[in-house]
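Welcome! Have a look at the sequence and the model below, and then let us walk through a few of its features together.

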Amino acid sequence: MRTKSKFGFLMQSNTSKLAKAQYANNKVEHIGSFLRALKLKKARYDFADRVIYEETLRQVENAEIDNLIDIQLDLDCTVMTDGDFRRSWWHFDFLEQLKGIEAYKTRDGVKYHNAITKPYNIRVNAKIDWSDDHTSLVHYRYLHGAIEGFATAKYCLPSPNMLLFPNVRNNRFYADRFNEYIEDIGQCYRKAIQALYHEGCRYLQINDEFWAYLSDEGERAKELASGIDPKVLAMYGVEILNLALQDKPQDLFVALHIDRGNFSSSWLYQGSYDFVSEYIFEKLNNIDRFLLEFDTDRAGGFESIAKLKNSQAEVFLGLVSSKVEQVENYQEISKQIHEASQYLPMTQLGLCLQSGFASMEEGNKVSYDTQWNKIKLMNDLAKEFWP
């Protein structure tokens, strides 16, 4: 039975107290992706052009990941990733390997605020299901083995809700069978999560741009104009995630990351969390930590996080941008943390980057030194606010 607060029903999680305690003192998070070295970029391009064999590419990737792990260790990161070094896209590389989904070249790329991606997308062409041949298992296995014993390997998973965007959900295969579509997506991800858990994954980060899409008043207006109620879409998003995380293992810690688009230091959506807060903070289950973008006015204020007061969930404030070269001002970030603590107690708060430094392989317009200096800044702030 759900616990009710003055705001509504609180989200619930089956994560054990022991698992939560393991991350209680971890008050700084990066979002997972880091800038790729030129050596790695060249190897991936050479492999695509059939200049080198896959074995050579893997050797370069492994060496760069090993080096990244050493850097994360030096920066006192207790939760580490492989930097997305084996991916071209933060989402497509995973999604296109699911059964029933194929990648294809489009006429135009996705138009960000002041940038355009490569012309590439995915579509549904058959029944959606998990594939045991998915390379994510091999990739996680390497990461887990490389850091086992001195840190936690965090796997970053694109949200199943990425399949709710109009260009993907409006497919011929599931025409007039949308409930089946929702069920298949949820069950597919449920299998994916269990498979990753079997490989040793105990920290899962779900990256969900769909909630940012619904936060944008302009995008909601487009849905309404097409005859779709955004509130109904939001409930589909809740249903899919709850199904994917249903009966998850109790020692699996889950974070939900939401940002408003991240490519070449540009963005897609704007709008506060007000519209989606009822769904993500009150109706989702088994989310232990929210990693939320708050680095610009595009994300609105902190008021909505008050819905999580008296819950067991944490909110990590994405006040440090991965998009800009300038390292943030210590005093200004301190002021924002104090402001957020008016809505949630400090024990439920933490600090994170607004997004990754390279959600796509091209990377944001920041330098290598800057990305590390931003993490150092967050570490210094954490020593003050969560000693």
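Two strands count as paired if DSSP finds at least two bridges between them. Keep that in mind as you explore this model, which is predicted.

**The sheet**

In which order do the eight strands of the open sheet stand? The order is β3-β12-β11-β10-β9-β8-β7-β4, and the pairing is parallel. β3 (28–29) and β4 stand at the edges with a single partner strand each, so one side of each has no neighbour in the sheet.

Here are three of the pairings, each with one pair of residues that face each other where the strands meet.

| Strands | Sense | Bridges | Residues opposite each other |
|---|---|---|---|
| β8 (residues 203–207) and β9 | parallel | five | Gln-205 and Ala-255 |
| β9 and β10 (residues 289–293) | parallel | four | Leu-256 and Phe-290 |
| β4 and β7 (residues 152–158) | parallel | two | Val-79 and Thr-152 |

Strand β9 thus has β8 as a partner, and it also pairs with β10. The edge strand β4 is joined to β7 by two bridges.

**A closer look at β9**

Are the residues of β9 (residues 253–258) mostly covered or mostly open? Strand β9 is mostly covered, as six of its six residues are buried. In a regular strand, side chains alternate between the two faces of the sheet. You can follow this in β9: Phe-253, Ala-255 and His-257 point one way, while Val-254, Leu-256 and Ile-258 point the other way. The residues of both groups are buried.

**Two places in loops**

Now turn to the loop between β5 (99–104) and β6 (121–129), where you will find Gly-109. Is Gly-109 buried or exposed? Gly-109 has a relative accessible area of 15%. Buried means under 20%, so Gly-109 is buried. Tyr-120 is eleven residues away from Gly-109 along the chain, and the C-alpha atoms of the two are separated by 6.4 Å.

Asp-76 sits in another loop, the one between α3 (54–74) and β4 (79–80). Its relative accessible area is 60%. Exposed means over 50%, so Asp-76 is exposed.

**A charged patch**

Which residues form a negative surface patch together with Asp-76? They are Asp-66, Asp-70 and Asp-74. Try to find these four aspartates in the structure, beginning with Asp-76 in its loop before β4.

Key
Residues are numbered from 1 along each chain as its sequence is written. This is a predicted model: local features need pLDDT of at least 70, side-chain atom pairs count only at pLDDT 80 or more; totals for chains, interfaces and linings use all residues. Side-chain values use heavy atoms; hydrogens and water are left out. Patches are made of residues with over 30% relative accessible area and no salt bridge: like charges are joined within 9 Å, nonpolar side chains (Val, Leu, Ile, Met, Phe, Trp, Tyr) within 5 Å. Accessible areas come from the Shrake-Rupley method with a 1.4 Å probe; for residues, only the protein chains shown count as cover. A salt bridge is a side-chain nitrogen of Lys or Arg within 4 Å of a carboxyl oxygen of Asp or Glu. Lys and Arg count as positive and Asp and Glu as negative; His and the chain ends are not counted. The place of a charge is taken as NZ of Lys, CZ of Arg, CG of Asp or CD of Glu. Buried means under 20% relative accessible area, exposed over 50%, partly exposed in between (1.4 Å probe, protein chains only).
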